[in-house]
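Here are some comments on the model you sent, set out as numbered points. Please read them with the structure open beside you.

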Amino acid sequence: MRKLSLSAALICLALLSNSNAEEKMSMSDADKAMYAEMLENNPADMDIAEGEQLFGGMTTLDAYSKMLGVKEKDLSNYIAGFPRYVDAAKKVVTLSQTIQMAAADAGKTVPKLESKEMLKMTAYVKSLANGKKTSIDVKANAQMKEMMKLGQEVFEERRGGRGLSCNSCHSPDIIGQRLRMQPLPDLGVNRAAGTWPAYRMTKSETTLLDKRFQQCMDNALLAKIPLGSREMVGLEVYITNKTKGNEIQIPGLKR
Ligand code: HEC
């Protein structure tokens with residue numbers, strides 16, 4: 001079975017054209033030069049600046065903290081623990097979903113999870129926790145335990161015509177293998193939770209972590225799980241926990 005699923009994964013990988021920025025070996029000299037330059041001057045910084053404007057036009061950090069039930073001075077630590085159970089939502093939510101709640105509270109138009117505005121505001125809010133370590137607590141309450149379990153199920157579920165799961169390519173026993181210089185990334189080493197939203201050089205755009213999941217679903221021919229669904233939030237809980245303890249450095253820079 002393992003052999004079969006691995007070859008299915010590798011066939012699928014052959015369809016992928018990009019490789020991992022952290023893996024120096026897989027980069028051409030031109031790519032390396034571009035990566036070094038973008039590290040100095042990440043285009044996503046612009047999105048964060050615009051996100052701050054958008055957020056400020058919608059609500060204040062004071063009102064946002066109150067809605068979340070924390071003191072403003074504790075906000076950055078609190079942000080480092082997402083996704084988390086939020087009383088005002090009565091469920092486990094992502095940072096983007098708290099921004100929707102803040103908009104509703106302020107009587108403003110609620111931005112769609114797919115929108116550019118949401119991307120920019122989420123990047124801004126997450127950047128408030130820069131320098132903190134990701135601190136998700138998947139045992140904090142029954143709701144978090146449930147979402148962690150659901151996330152693991154989604155991660156391991158084989159789907160699509162090729163019967164691939166996230167785990168087919170991101171399981172510890174095949175990480176590091178590669179085809180045509182294409183490395184299979186270790187989500188922990190890549191510090192997934194602390195580095196998204198990130199600028200993706202191959203797409204020339206800033207992307208959210210859950211949208212990055214969707215890009216893998218696309219590449220592996222898996223039906224896309226909708227943003228904001230329980231399954232998607234569960235997946236974010238599971239992967240954030242996998243890479244827990246990494247320092248938050250937003251915006252990230254990825255291949
Ligand atoms: C066919 C193999 C394959 C499958 C299946 C797959 N991925 Fe990936 N994934 C990759 C490769 C290869 C990369 C690195 C691509 C790059 O660097 O451009 C990647 C990158 C990622 C990253 C970014 C890591 C980082 O921070 O740099 C995340 C997060 C991720 N995958 C999550 C998922 C999830 C969730 C699923 C299941 C829905 C999934 N992947 C399914 C091959 C796969």
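**Notes on aromatic pairs and cores**

1. In this predicted model, the structure holds four aromatic pairs. The ring centres of Phe55 and Tyr124 lie 5.7 Å apart with their planes at 55 degrees, so this pair is classed as tilted, given that planes over 60 degrees apart would count as edge-to-face and those under 30 degrees as stacked. The pair links distant parts of the chain, since Phe55 belongs to helix α3 (residues 44-58) and Tyr124 to helix α7 (residues 116-127), with their positions 69 residues apart. Phe55 and Tyr124 are both buried, and ring pairs join Phe55, Tyr64 and Tyr124 into a cluster.

2. Tyr78 and Phe82 make an aromatic pair of the edge-to-face kind, with 5.6 Å from centre to centre and 80 degrees between the planes. Both Tyr78 and Phe82 are buried. It is worth looking at Arg84 in the same view, as the charged end of Arg84 sits over the ring of Tyr78, 3.9 Å from the centre of that ring, while Arg84 also lies over the face of Phe82, at 6.0 Å from the ring centre.

3. Which residues have the most contacts inside the largest nonpolar core? That core has 55 residues, and those with the most contacts inside it are Tyr64, Leu68, Val125, Leu235, Val237 and Ile239. The core takes at least three residues from each of two domains, namely domain 1 (2-40 + 137-254) and domain 2 (44-127). Tyr64 therefore appears in two of these comments, as a member of the ring cluster with Phe55 and Tyr124 and as one of the residues with the most contacts inside the largest core.4. For a local view of the packing, Ile239 is a useful place to look: leaving aside residues up to four places away in sequence, Ile239 touches Phe155, Leu187, Ala192 and Phe213. A second core, separate from the one above, has seven residues, among them Met27, Tyr35, Tyr199 and Leu253.

5. Turning to the chain as a whole, the protein chain has 12 helices and seven strands, and 51% of its 255 residues count as buried. Among contacts in the protein chain with a separation of 6 or more, 68% are between residues 24 or more positions apart. The protein chain exposes about 12,500 Å², of which carbon and sulfur atoms supply 52%.

How values were computed
Residues are numbered from 1 along each chain as its sequence is written. This is a predicted model: local features need pLDDT of at least 70, side-chain atom pairs count only at pLDDT 80 or more; totals for chains, interfaces and linings use all residues. Side-chain values use heavy atoms; hydrogens and water are left out. Rings of Phe, Tyr and Trp (its six-membered ring) pair if their centres lie within 6.5 Å; planes under 30 degrees apart count as stacked, over 60 as edge-to-face and the rest as tilted. Helices (H or I, at least four residues) and strands (E, at least two) are DSSP runs, numbered from the N terminus. Buried means under 20% relative accessible area, exposed over 50%, partly exposed in between (1.4 Å probe, protein chains only). A charge sits over a ring if NZ of Lys or CZ of Arg is within 6 Å of the ring centre and within 35 degrees of the ring normal. A nonpolar core is a set of buried Ala, Val, Leu, Ile, Met, Phe, Trp, Tyr and Cys residues joined through side-chain atoms within 4.5 Å. Domain bounds come from an automatic or database domain assignment. Contact means heavy atoms within 4.5 Å. Accessible areas come from the Shrake-Rupley method with a 1.4 Å probe; for residues, only the protein chains shown count as cover.
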